[in-house]
Amino acid sequence: VENIMLSIVELAALLSLSKERVKQLVNDELALNPGVDIQTGTVWRIGPQTVRKLMAARNIRFPARKVATFASFKGGIGKTTISTNVAVRAASLGAKVLLIDLDPEACSTNQLVKSGGKDPIIFVDLFRENLDIRKAILPSSYRGLDVVPSALRNHSSEKIVAGMNPKRIVKDKLEGLDYNLILLELPPSFTTLTGSAYLAADLIVLPCIPSVYSLESVALTIEAIDSLAKEFEVPKKEFKVLMNEYNSARVASQQITKELLDTYKSMVFPFYIKESTDISNANNAGKSVFEIKCSKAIREDFHELTMQVCGVEVTQ
Ligand SMILES: Nc1ncnc2c1ncn2[C@@H]1O[C@H](COP(=O)(O)OP(=O)(O)OP(=O)(O)O)[C@@H](O)[C@H]1O
Ligand SMILES: [Mg+2]
């Protein structure tokens with residue numbers, strides 16, 4: 001079993017320091033506080049608390065709060081895979097993360113929350129009695145990552161939120177929450193609830209797989225969200241496009257990537273998530289790519305994506 005905590009090599013890259021220097025810093029932390037979240041053995045592992053502290057000491061910080069979502073009207077293009085991996089990685093970097101699952105299939109809830117209890121409060125339940133969102137928040141199996149769970153009955157969300165202002169439904173519930181990253185996990189549909197989630201997001205990442213249908217869906221999704229934002233007088237959203245299931249040996253991957261770059265230019269992330277059985281195996285095991293045997297390149301892509309989605313900044 002792989003360890004989700006960072007290795008010295010990963011931490012050295014993150015801090016732009018040599019391995020030797022990082023080992024020294026980690027040793028200093030251990031000397032100061034022997035109970036700290038650092039494992040020393042054949043391989044050293046550094047936990048989120050220490051990672052966050054060492055990052056902050058070099059002025060590398062998470063913004064106070066960022067709301068992000070992975071969106072597509074087309075299903076099965078990797079939204080859930082990507083958001084769960086980003087959530088887990090962000091937490092192991094020391095970010096405080098909340099994933100709000102609004103998908104009735106509840107795949108990410110099932111993956112991240114292993115001890116959910118029988119009948120959890122889900123997001124739309126908050127509107128029946130105007131409950132505070134904190135009533136629905138559950139700890140996940142990962143330190144630093146909390147989840148607002150979903151369940152099949154989320155299907156009837158439209159009845160509950162009917163007539164409500166999409167500008168308010170999701171946004172108002174997030175007010176006052178203390179998280180660096182809030183991820184909204186959505187089904188591939190355009191409803192009052194998902195519309196409200198798009199309006200509440202600071203960043204909308206559009207995954208695209210090598211198929212013309214997926215390419216068309218990127219354009220449609222942007223168009224629909226833009227017009228929704230206009231209708232409700234919300235400032236234009238920040239969009240990013242992410243190539244998923246990239247396979248350099250396939251012509252379709254190259255064609256679709258070229259189309260994306262021609263159309264969306266700098267909106268396209270300069271890295272891809274590759275097509276890999278490591279990723280589907282991790283999903284099937286209910287784990288992130290950081291917990292199973294997985295190629296280093298794939299982990300690096302998810303790491304880079306996580307840094308971008310969190311909006312990690314170097315300050316003075
Ligand atoms: N980069 C990848 N390499 C290999 N398999 C992948 C990759 N990304 C996603 N998959 C697989 O594709 C399938 C769909 O992924 P996922 O469930 O994340 O998509 P989704 O967009 O959330 O779907 P839905 O619209 O149904 O919610 C899953 O079986 C997943 O394991
Ligand atoms: Mg999904």
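What is the volume of the second largest pocket? The answer is about 180 Å³. Keep in mind as you look around that this is a predicted model.

## The second largest pocket

Let's stay with this pocket for a moment. Its lining is made up of 14 residues, and those nearest the centre are Gly76, Lys79, Thr80, Asp103 and Glu105. If you would like a landmark, find helix H4, which covers residues 79–92: this helix gives the most to the lining of the second largest pocket, with three residues.

Sorted by class, the lining of the second largest pocket holds six nonpolar residues, five polar ones and three charged ones.

## The largest pocket

Now turn to the largest pocket, where the space comes to about 400 Å³. It is lined by 17 residues, and Ser7, Glu10, Arg89, Lys296 and Glu300 are the closest to its centre.

Two helices are handy guides here. Helix H1, spanning 8–15, and helix H12, spanning 296–310, each contribute at least two residues to the lining of the largest pocket. H12 gives the most, with five residues. As for the chemistry of this lining, seven of its residues are nonpolar, three are polar and seven are charged.

## Around ligand 1

Next, have a look at ligand 1. It is surrounded by 18 residues, and the closest are Lys79, Thr80, Thr81, Lys274 and Asn283. Lys79 and Thr80 may sound familiar, as both are also among the residues nearest the centre of the second largest pocket.

By class, the shell around ligand 1 consists of four nonpolar, nine polar and five charged residues.

## Polar contacts and cover

Which residues place a polar atom beside an oxygen atom of ligand 1? Gly78 does so through its backbone, with a polar atom 2.9 Å from a ligand oxygen. Lys79 uses its side chain instead: one of its polar side-chain atoms sits 2.8 Å from an oxygen atom of ligand 1. Asn283 also takes part through its side chain, where an N or O atom is 2.8 Å from an oxygen atom of the ligand.

On its own, ligand 1 has 630 Å² of accessible area, and the protein covers 77% of it. To find your way around the shell, look for H4 and for helix H11, which runs over 277–284: these are the elements that give two or more residues to the shell around ligand 1. You have already met H4 as the helix that gives the most to the lining of the second largest pocket.

Notes. Residues are numbered from 1 along each chain as its sequence is written. Chains are lettered from A and ligands numbered from 1 in the order in which they are written. This is a predicted model: local features need pLDDT of at least 70, side-chain atom pairs count only at pLDDT 80 or more; totals for chains, interfaces and linings use all residues. Side-chain values use heavy atoms; hydrogens and water are left out. On a 1 Å grid over the protein atoms alone, a cavity is a set of points where a 1.4 Å probe fits but cannot get out, and a pocket is an open set with protein on both sides within 12 Å along at least five of seven lines; lining residues have an atom within 4 Å of a point. Grid points are joined across faces, edges and corners, and a volume is the space filled by probe spheres set on the points. Helices (H or I, at least four residues) and strands (E, at least two) are DSSP runs, numbered from the N terminus. Ala, Val, Leu, Ile, Met, Phe, Trp, Tyr, Cys and Pro count as nonpolar, Asp, Glu, Lys and Arg as charged, and the others, Gly among them, as polar. A residue is near a molecule or strand if one of its heavy atoms lies within 4 Å of it. A polar contact is a pair of N or O atoms within 3.5 Å; within protein, one must be able to donate a hydrogen and the other to accept it, and residues adjacent in sequence count only if both atoms are side-chain atoms. Accessible areas come from the Shrake-Rupley method with a 1.4 Å probe; for residues, only the protein chains shown count as cover.
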